[in-house]
Amino acid sequence: MLAVFSSTIISPPEELIQAGNRTPSPKKKSSSLLDDFTHRFPSSVTLSISPHSYMSYTHENQIFLQPREFAVKDEIFCMFKGTLDNLASLKQQYGLGKSANEVILVMEAYRALRDRAPYTANHMLGHLVGNFSFIIFDSSTSTVFVASDDGGKIPLFLGITADGYLSFSDDAEILRGSCGKSLASFPPGCFFSTTSGLKSFEHPKNKVTAEPALEEEMWGTTFKVERPYLRTTTE
């Protein structure tokens, strides 16, 4: 799956910009990134979700326990990969029918987050039990909302193209060809949104920081959630 958003929709993390400046490497424009994706996955379907953004998804090469799903409803676009262990109970919680799958559930959970203050992202995501990553674009509010489970079992990556588009994909090599060193693995237990940037829902009180990657690594930076310093005492 691939999602690409221009800076008119969402601003890329400054740490990714700095990583590309620190170690200059070849990049391509967002249009070339889409061409590479559709060439690699000929059966992929691409949707223009705004004048400056698009999503592309495919079922090619997917793993049985890591299916990819896509849905659109009421101007909410969602790509979901993985499974939810508590899907049945969540469908009851959100008043969904028995036929609703993970992507429909996540869209409904996002709608509750958007419309039912003070319902928070930490609350919404903390209820999702399983292995997953997803990308949402709400065209009614031009909002991007991306998240990955706290175990990092469904890898997700983000990068910046030559023309400054922030891109997300479950395929690191696809992004690497267009984003160069402006590339990072999406940190587990975190979410990224238009309004809040990159934050941890697993440890909401802890900051997400970035460390420069080693020269030999494919990443330009590594995002990590700070752990609180625990003082020890001796008697």
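Modeller: Let us begin with a definition: helices (H or I, at least four residues) and strands (E, at least two) are runs assigned by DSSP, numbered from the N terminus. The structure above is a predicted model, in which local features need pLDDT of at least 70 and side-chain atom pairs count only at pLDDT 80 or more, while totals for chains, interfaces and linings use all residues. Residues are numbered from 1 along each chain as its sequence is written, and side-chain values use heavy atoms, with hydrogens and water left out.

Biologist: How much helix and how much strand does the chain hold over residues 2-225?

Modeller: Over that stretch the chain is 25% helix and 33% strand, and the C-alpha atoms at its two ends lie 25 Å apart. The range comes from UniProt, where an unreviewed entry lists residues 2-225 as "domain: DUF3700". UniProt positions are given here in the numbering of this structure, with feature names shortened, and such annotations may be inferred rather than shown by experiment.

Biologist: In what order do the six strands of the open sheet stand?

Modeller: The general idea is that two strands pair if DSSP finds at least two bridges between them. Here the order is 4-5-6-7-11-12, and the pairing is antiparallel. Strand 4 and strand 12 (197-200) are the edge strands, since each pairs on one side only. On average, neighbouring strands of the sheet are turned by 15 degrees against each other, direction ignored; for such angles, axes are lines fitted to C-alpha atoms, for helices over the stretch in contact, and angles between N-to-C directions run from 0 to 180 degrees.

Biologist: How many bridges join strand 5 to strand 4, and how many join strand 5 to strand 6?

Modeller: Strand 4 (residues 68-73) and strand 5 run antiparallel and are joined by six bridges. Strand 5 and strand 6 (residues 130-138) also run antiparallel, with nine bridges between them. Individual partners can be read off as well: Ala71 faces Cys78 of strand 5, and Ile76 has Asp138 of strand 6 as its bridge partner. The hairpin of strand 4 and strand 5 has two residues between the strands, and there Asp74 takes a positive phi near 50 degrees. Beside that turn, Lys73 has Ile76 in strand 5 as its bridge partner. Helix 4 packs on this sheet, touching strand 4, strand 5, strand 6 and strand 7 (143-148), and its direction makes about 125 degrees with that of strand 5. Contact means heavy atoms within 4.5 Å.

Biologist: Is strand 5 mostly covered or mostly open?

Modeller: A residue is called buried under 20% relative accessible area, exposed over 50%, and partly exposed in between (1.4 Å probe, protein chains only). Strand 5 (residues 76-84) is mostly covered, with eight of its nine residues buried.

Biologist: Which residues of helix 2 are buried?

Modeller: In helix 2 (residues 30-40) they are Ser30, Leu33, Leu34 and Phe37. Seen down the helix axis, these buried residues fall within an arc of 95 degrees, so they line one face of helix 2. The arc is that of the directions from the helix axis to the C-beta atoms. As a general rule, an α-helix has 3.6 residues a turn, so residues three or four places apart point the same way. The buried residues of helix 2 pack against several elements, among them strand 1 (2-5), strand 9 (166-169) and helix 6 (172-179).

Biologist: How many salt bridges does a search of the whole structure find?

Modeller: A salt bridge is a side-chain nitrogen of Lys or Arg within 4 Å of a carboxyl oxygen of Asp or Glu. The search finds ten. In one of them, Asp171 pairs with Arg40, with the closest N and O atoms 3.0 Å apart. This pair links distant parts of the chain, 131 residues apart: Asp171 is in the loop between strand 9 and helix 6, and Arg40 is in helix 2. Asp171 is buried, at 12% relative accessible area, whereas Arg40 is partly exposed, at 44%.

Biologist: Where do Arg68 and Asp170 lie?

Modeller: Arg68 forms a salt bridge with Asp170, the closest N and O atoms being 3.0 Å apart. Arg68 lies in strand 4 and Asp170 in the loop between strand 9 and helix 6, so the pair ties together parts that are 102 residues apart in sequence. Both Arg68 and Asp170 are buried. Arg68, Lys81 and Asp170 are linked in a network of salt bridges.
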